[in-house]
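Notebook open, model loaded. I want to look up a few residues and helices and write down what I find.

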Amino acid sequence: MSVATPSLPAMSFPHPWRVLGSLTHIDLVWHDGGDMGETDHEAGTISLRRGMTWAQRRSTLIHECLHVLRGPSLDTLEDREELRVEKESARWLLPDVRVIGEALAWSHSRAEAADELHVDERTLAIRLRYLHPSERGYLHERLEHL
């Protein structure tokens, strides 16, 4: 039996704050230190760490919104659920491999490419790690002659 994955709204420029705004039963709170973000299903909160960059907040917020949309997971499946949410949030924030390819082509580092793509480096790294084979082929061709 498979569980249906909730879908995020399609947007030309993904806007995690609008997704949060649609989750009317969730309150945003802030914390110091520790994880970049946390979702507490029982309390109905998403907590973000103070002091993050705009790209980090954006990347972390959509990640936590996906946790809300997917609902609580069993403790025994926590690692699997975390990976699934990481992959899905990276794909949602970076859906077009051609845009990723252009950012990688002109930038001098992954950090610079991530900045251009409005995500944190971790989100870009996850998106690149789990490319579809056709996406990987496209990037290989695009970046081969630099």
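**Entry 1: S47.** I started with a side-chain pair: S47 and H31 are joined by a polar contact of 2.5 Å. For polar contacts I take a pair of N or O atoms within 3.5 Å; within protein, one must be able to donate a hydrogen and the other to accept it, and residues adjacent in sequence count only if both atoms are side-chain atoms. S47 sits in strand β3, residues 45-49. Helices (H or I, at least four residues) and strands (E, at least two) are DSSP runs, numbered from the N terminus. Is S47 buried or exposed? S47 is buried, at a relative accessible area of 9%. My scale: buried is under 20% relative accessible area, exposed is over 50%, and partly exposed is in between, with a 1.4 Å probe and protein chains only. Not counting residues up to four places away in sequence, S47 touches V29, W30, H31, M36, G37 and E38. Contact here means heavy atoms within 4.5 Å.

**Ground rules.** I'm working on a predicted model, so noting the filters: local features need pLDDT of at least 70, side-chain atom pairs count only at pLDDT 80 or more, and totals for chains, interfaces and linings use all residues. Residues are numbered from 1 along each chain as its sequence is written, and side-chain values use heavy atoms, with hydrogens and water left out.

**Entry 2: overall layout.** I counted seven helices and three strands in the protein. Along the sequence the pattern reads α-β-β-β-α-α-α-α-α-α. The radius of gyration is 16 Å, close to the 15 Å that the globule rule gives for 146 residues, so the protein is as compact as a globular protein of that length. That radius is taken over C-alpha atoms, and the globule rule is 2.2 Å times the number of residues to the power 0.38. The C-alpha trace spans about 50 × 40 × 30 Å along its principal axes. Buried residues make up 39% of the 146. Of the contacts with a separation of 6 or more, 53% come from residues 24 or more positions apart.

**Entry 3: H63 and S89.** Next I went to helix α2 (residues 54-70), where H63 lies. H63 is buried at 10% relative accessible area. Leaving aside neighbours within four places in sequence, H63 is in contact with E82, V85, E86 and S89. I followed the last of these: S89 is in helix α3 and is buried, at 5%. With the same neighbours left aside, S89 is in contact with I62, H63 and L66. What does the side chain of S89 reach? It reaches the backbone oxygen of E86, at 3.2 Å. I also checked S89 against L146, 57 residues apart along the chain: their C-alpha atoms are separated by 29 Å.

**Entry 4: helix α4 and S107.** Which residue caps the N-terminal end of α4? D96 does, with a side-chain oxygen 2.8 Å from the backbone nitrogen of R98. In α4 (residues 97-106) I find V97, I100, G101, A103, L104 and A105 buried. These buried residues pack against α5 (110-116), α6 (121-129) and α7 (133-144). S107 comes in the loop between α4 and α5. At 13% relative accessibility, S107 counts as buried. The side chain of S107 reaches the backbone oxygen of A103 at 2.8 Å, and also that of S109 at 3.2 Å. Beyond four places in sequence, S107 touches E112 and A113.

**Entry 5: H118 and α6.** H118 is in the loop between α5 and α6. Its phi caught my eye: about 65°, positive, although H118 is not a glycine. Most residues other than glycine have a negative phi. H118 counts as partly exposed, at 30% relative accessibility. On to α6, where T123, L124, A125, I126, R127 and L128 are buried. What covers the buried residues of α6? The cover includes α2, α3 (78-93), α4, α5 and α7.

**Entry 6: charges.** Last lookup: the protein has 17 positive and 24 negative side chains, and the centres of the two sets lie 5 Å apart. Lys and Arg count as positive and Asp and Glu as negative, while His and the chain ends are not counted. Each charge is placed at NZ of Lys, CZ of Arg, CG of Asp or CD of Glu.
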